[in-house]
Structure formats: structure tokens, C-alpha cells
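Trainee: I have a new model open and I'd like to learn how to read it. Could you take me through it?

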Amino acid sequence: MLIIISVLVYVLIIAKSILLPIAFAVLFAFILKPICSFIERRLPSPIISIIITFLVTLIPFVIVTVLLSWQFQDIYQDLPSIGDKIQNGFKSIFNLLNNTLGITSASSEEWVQDNMGTIIDKPIQYISESIASSTSFITGFGLTGVYTFLMLLYRKPIKKFFIMQFGSQMEANAQKLLNDIFKVTQRYLYGIMLVALVLGTLNSLGLWIIGVDYPLFWGFLASFLAVIPYVGILIGGFLPVIYSFAITGAIWQPLAIITLFLFIQFIEGNIITPRIVGDSVKINPLAAIISLVVGNAIWGMAGLMLAVPILAILRKVMQQIDILRPISLLLSNELYDKDGLFEDNFNKERFRLWNFFRKKKDLK
């Protein structure tokens with residue numbers, strides 16, 4: 001079993017350029033299916049219906065891209081000088097500490113000289129690498145679009161093929177599993193998109209009031225990163241803080257940005273996301289964070305975006321396989337207050353994980 005898992009992870013890594021467009025195409029097909037089905041009921045041609053679906057969904061994307069592109073170009077040109085400006089900002093902070101806490105100027109200056117270069121280079125490198133990976137993703141976006149188009153066109157035969165693999169006796173269970181996967185994924189993706197729109201508006205408005213340059217860009221960048229559960233909005237808020245340190249000598253503006261994003265994250269975690277997304281994926285935070293770490297290690301930023309929905313799909317599949325049902329419960333958000341379910345429902349020989357390593361036999 002461990003050998004199979006190791007081989008699978010290795011294949012996922014080396015086949016990244018092949019599998020990523022397919023994975024995103026599956027998610028896009030889930031998102032577009034209701035729109036496509038609605039149009040197909042009114043038009044006789046499936047191909048025309050899919051083309052109209054693409055146009056309807058791509059127009060808002062193109063508008064947002066055009067609005068953000070001019071800000072992105074200016075920021076990209078400023079990246080080489082941001083490191084020096086951030087270091088000057090840190091020097092200003094240490095000068096303030098010298099005056100208020102009595103830290104000697106020589107010691108603080110020496111610490112800045114020895115450590116800030118390394119610390120500052122990391123976020124700048126992260127931004128540059130993100131830009132490069134985004135360019136690669138845009139390059140493969142055309143292939144993802146082709147896959148999505150064909151998956152929508154052939155979705156009914158693909159569904160029939162999937163159901164047939166379970167045989168006539170399991171056909172009802174296979175149909176239910178497929179419907180559950182579709183509902184979970186669709187609700188999660190639609191919810192995340194709506195949350196990103198709300199957060200982008202709140203972020204941009206707050207940054208504009210604070211007086212940060214390019215508020216629309218930073219605001220929606222943070223909202224797009226919010227698709228990464230728990231840590232995405234913090235990463236998105238950290239970037240404008242760095243930029244603010246780079247362009248202003250005042251300390252109040254970075255502190256105001258930090259306060260803004262902490263406040264927005266509080267609202268997002270307690271009001272926005274619970275009401276819009278709810279517990280659609282039913283994954284507990286520990287499992288979600290581990291999936292993010294694994295996703296990042298295998299597929300980088302794309303892995304972070306795909307980790308939670310893929311884990312939610314795997315959990316649905318595990319619920320249909322006896323030996324994996326305890327793992328499904330272990331991943332769920334019911335783990336905290338329903339730990340007794342393990343002893344009540346799964347304390348039987350056929351649920352032991354070591355059965356993976358044993359020869360098949362009658363287990364009770």
C-alpha cells in the first residue's frame with residue numbers, strides 16, 4: 001500500500017503539467033454545468049449552448065482582468081526597488097524603538113544590516129515566483145478551456161461510463177455518489193467565488209480609504225488568495241503591508257492595513273463564509289491544513305487551490321468503501337463532538353486498516 005501511495009505521489013509530481021489542466025477543467029465543468037443545462041433546454045444545439053455558456057462566464061473575467069492589468073504592470077515594474085524601500089522602512093521602525101525603548105542605535109543598525117537582507121528577499125522572491133507561475137498558468141489556460149468544453153459536451157456519456165463501472169446492483173449507489181460529489185463541489189466553488197467577490201470589494205474599499213496605492217489590485221488579489229482556507233487571506237493581507245512599507249515612511253499605514261485585514265478576516269470567518277459556503281465540504285481544520293501542505297508540496301499554488309475540494313471528493317468516495325469509512329469520519333467536521341462514533345460503528349475487524357496488507361478473506 002505504501003508503495004502504491006509513493007508511486008501515485010511521484011506520478012502526480014512528474015505529470016503536473018498534464019494533470020493540472022484536467023483537474024481545473026473538471027472543477028470548471030462543475031461550475032458551468034447548471035448554466036449550460038439551462039441554455040440547452042432552450043437551444044437545440046449542445047455546442048452552441050456551451051459556446052454561449054463560455055461567453056457569459058468569460059465576459060466578467062475579461063472585464064476584471066482589464067481593470068487590474070494596468071495596475072499589475074505598474075507594480076511589476078516597481079518590484080526591483082521594493083526590497084530597498086522595505087529595508088528603509090524597517091530602519092525607521094528601529095529608530096522609533098531606539099527613541100522609545102532605549103535600544104542602542106548601533107546594535108539595531110547592525111541587526112538590520114545582518115538580517116533584513118535575507119528577510120526582505122523572501123517576500124520579493126515569492127511575488128516574483130508567483131508572477132512566473134501565474135504566467136505559466138495563463139499559458140495553459142487555453143488547454144484547460146478545451147478540456148472544459150469537451151467535458152461539458154461529453155458529460156452524459158462520461159457519467160454513464162462512470163456508473164457502469166459499479167455494475168447494475170450498485171448503480172443506484174454510484175448515481176448517488178456522483179450526485180453528492182457534484183453538489184458538494186458545486187456549492188463549495190460557487191460559495192468561494194461569491195466570498196471572493198465580497199472580500200475583494202471590502203478589501204479594496206478599505207485600502208482606498210487608508211490611501212494605499214492600487215487598492216483594487218491588492219484588494220482582489222487578497223480575495224483570490226482567500227480560496228486557500230485559513231491562511232489565504234493572511235497571505236493576501238501581508239503583500240500590501242510589504243508594499244506599504246516600501247513606499248511610505250509612515251508606520252500608521254502598514255498598521256492600518258494589518259488592522260483592516262484582521263477585521264475583515266474576523267468578519268469572513270464568522271459571518272461571510274459560514275453564511276455563504278457553510279459546511280459544504282464538511283472537512284475539519286486539521287485535515288484541511290494537512291491537505292494544503294500536501295497540495296503545496298505536490299502542485300504548488302495550484303495544489304493549494306485544489307487541495308480542499310479534492311479532499312472533499314475523496315471523503316465522499318471513502319464513505320462508500322467499508323474499510324475507508326473510518327477515515328472519512330476522521331476527516332469530517334463531526335470529529336470534535338462525535339468521537340464515540342468510532343467505537344459505536346467502526347470497532348469491527350472489517351474496518352481495520354491493516355486489512356490493506358492482508359490477503360482478502362471473510363471479515364466480520
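**Reading the model, feature by feature**

Mentor: Let's start with one side chain: phenylalanine 24 is buried, because its relative accessible area is 6%, under the 20% cut-off. Keep in mind that this is a predicted model.

Trainee: Is phenylalanine 28 buried or partly exposed?

Mentor: Phenylalanine 28 is partly exposed, at a relative accessible area of 25%. Phenylalanine 24 and phenylalanine 28 sit in helix α2, four residues apart, which is about one turn of the helix.

Trainee: How many aromatic pairs are there?

Mentor: Three. One of them joins phenylalanine 24 and phenylalanine 28: the ring centres are 6.2 Å apart and the planes meet at 35°, so this pair is tilted. Phenylalanine 54 and phenylalanine 149 also pair, this time edge-to-face, with 6.0 Å from centre to centre and 65° between the planes.

Trainee: Where do phenylalanine 54 and phenylalanine 149 lie?

Mentor: Phenylalanine 54 is in helix α3 (residues 46-101) and phenylalanine 149 in helix α4 (residues 105-153), so their pairing ties together parts that are 95 residues apart in sequence. Phenylalanine 54 is buried too, with 17% relative accessible area.

Trainee: Let me zoom out. How many helices and strands does the protein chain have?

Mentor: Twelve helices and zero strands. For the chain as a whole, 37% of the 364 residues count as buried. Now look at contacts with a separation of 6 or more: 66% of them join residues 24 or more positions apart.

Trainee: How do I check whether a helix runs straight?

Mentor: Compare the span you'd expect with the distance between the end C-alpha atoms. At 1.5 Å a residue, the 40 residues of α6 should span 58 Å, and the ends are 58 Å apart, so the two agree. Just after α6, glycine 211 takes a positive phi of about 100°.

Trainee: How far does α2 reach from its first C-alpha to its last?

Mentor: α2, with 25 residues, reaches 34 Å, close to the 36 Å expected. There is a bend of about 45° at leucine 32, and proline 34 follows within four residues.

Trainee: And what does α10 span between its end C-alpha atoms?

Mentor: Only 18 Å, where a straight helix of 34 residues would span 50 Å. Look along α10 and you'll find a kink of about 145°, centred on tryptophan 299. At the start of α10, a side-chain oxygen of asparagine 284 comes within 3.1 Å of the backbone nitrogen of leucine 286.

Trainee: Which residue should I compare with tryptophan 299 in space?

Mentor: Try alanine 15: it is 284 residues from tryptophan 299 in sequence, yet their C-alpha atoms are 9.9 Å apart. Alanine 15 is in the loop between α1 (2-14) and α2, and it counts as buried at 15% relative accessibility.

Trainee: How should I think about the nonpolar cores?

Mentor: In soluble globular proteins, nonpolar side chains tend to be buried together. Here the largest nonpolar core has 27 residues, and Val281, Ile283 and Leu306 have the most contacts inside it. Two or more residues come from each of α2 (16-40), α6 (171-210) and α10 (285-318), with α10 giving the largest share, 13 residues. Apart from this core lies another, of 21 residues, including Leu199, Trp218, Leu239 and Val241.

Trainee: What is valine 281 in contact with?

Mentor: Setting aside neighbours within four places in sequence, valine 281 contacts Val184, Tyr188, Val308, Ala312 and Arg315.

Trainee: Arginine 315 has a charged side chain in my textbook. Is it buried or exposed here?

Mentor: Arginine 315 is buried, at 7% relative accessible area, and it lies in helix α10. Beyond its neighbours within four places in sequence, arginine 315 is in contact with Val281, Lys282, Ile283, Ser328, Leu331 and Ser332.

Trainee: Then where is serine 332 placed?

Mentor: Serine 332 is in the loop between α11 (325-331) and α12 (340-346), and at 0% relative accessibility it counts as buried. A polar atom of the serine 332 side chain lies 2.8 Å from the backbone oxygen of leucine 329. Leaving out residues up to four places away in sequence, serine 332 touches Lys282, Ile283, Asn284 and Arg315.

Key:
Residues are numbered from 1 along each chain as its sequence is written. This is a predicted model: local features need pLDDT of at least 70, side-chain atom pairs count only at pLDDT 80 or more; totals for chains, interfaces and linings use all residues. Side-chain values use heavy atoms; hydrogens and water are left out. A nonpolar core is a set of buried Ala, Val, Leu, Ile, Met, Phe, Trp, Tyr and Cys residues joined through side-chain atoms within 4.5 Å. Buried means under 20% relative accessible area, exposed over 50%, partly exposed in between (1.4 Å probe, protein chains only). Contact means heavy atoms within 4.5 Å. The expected span of a helix is 1.5 Å times one less than its number of residues. The bend at a residue is the angle between axes fitted to the seven residues ending there and the seven starting there. A polar contact is a pair of N or O atoms within 3.5 Å; within protein, one must be able to donate a hydrogen and the other to accept it, and residues adjacent in sequence count only if both atoms are side-chain atoms. Rings of Phe, Tyr and Trp (its six-membered ring) pair if their centres lie within 6.5 Å; planes under 30 degrees apart count as stacked, over 60 as edge-to-face and the rest as tilted.
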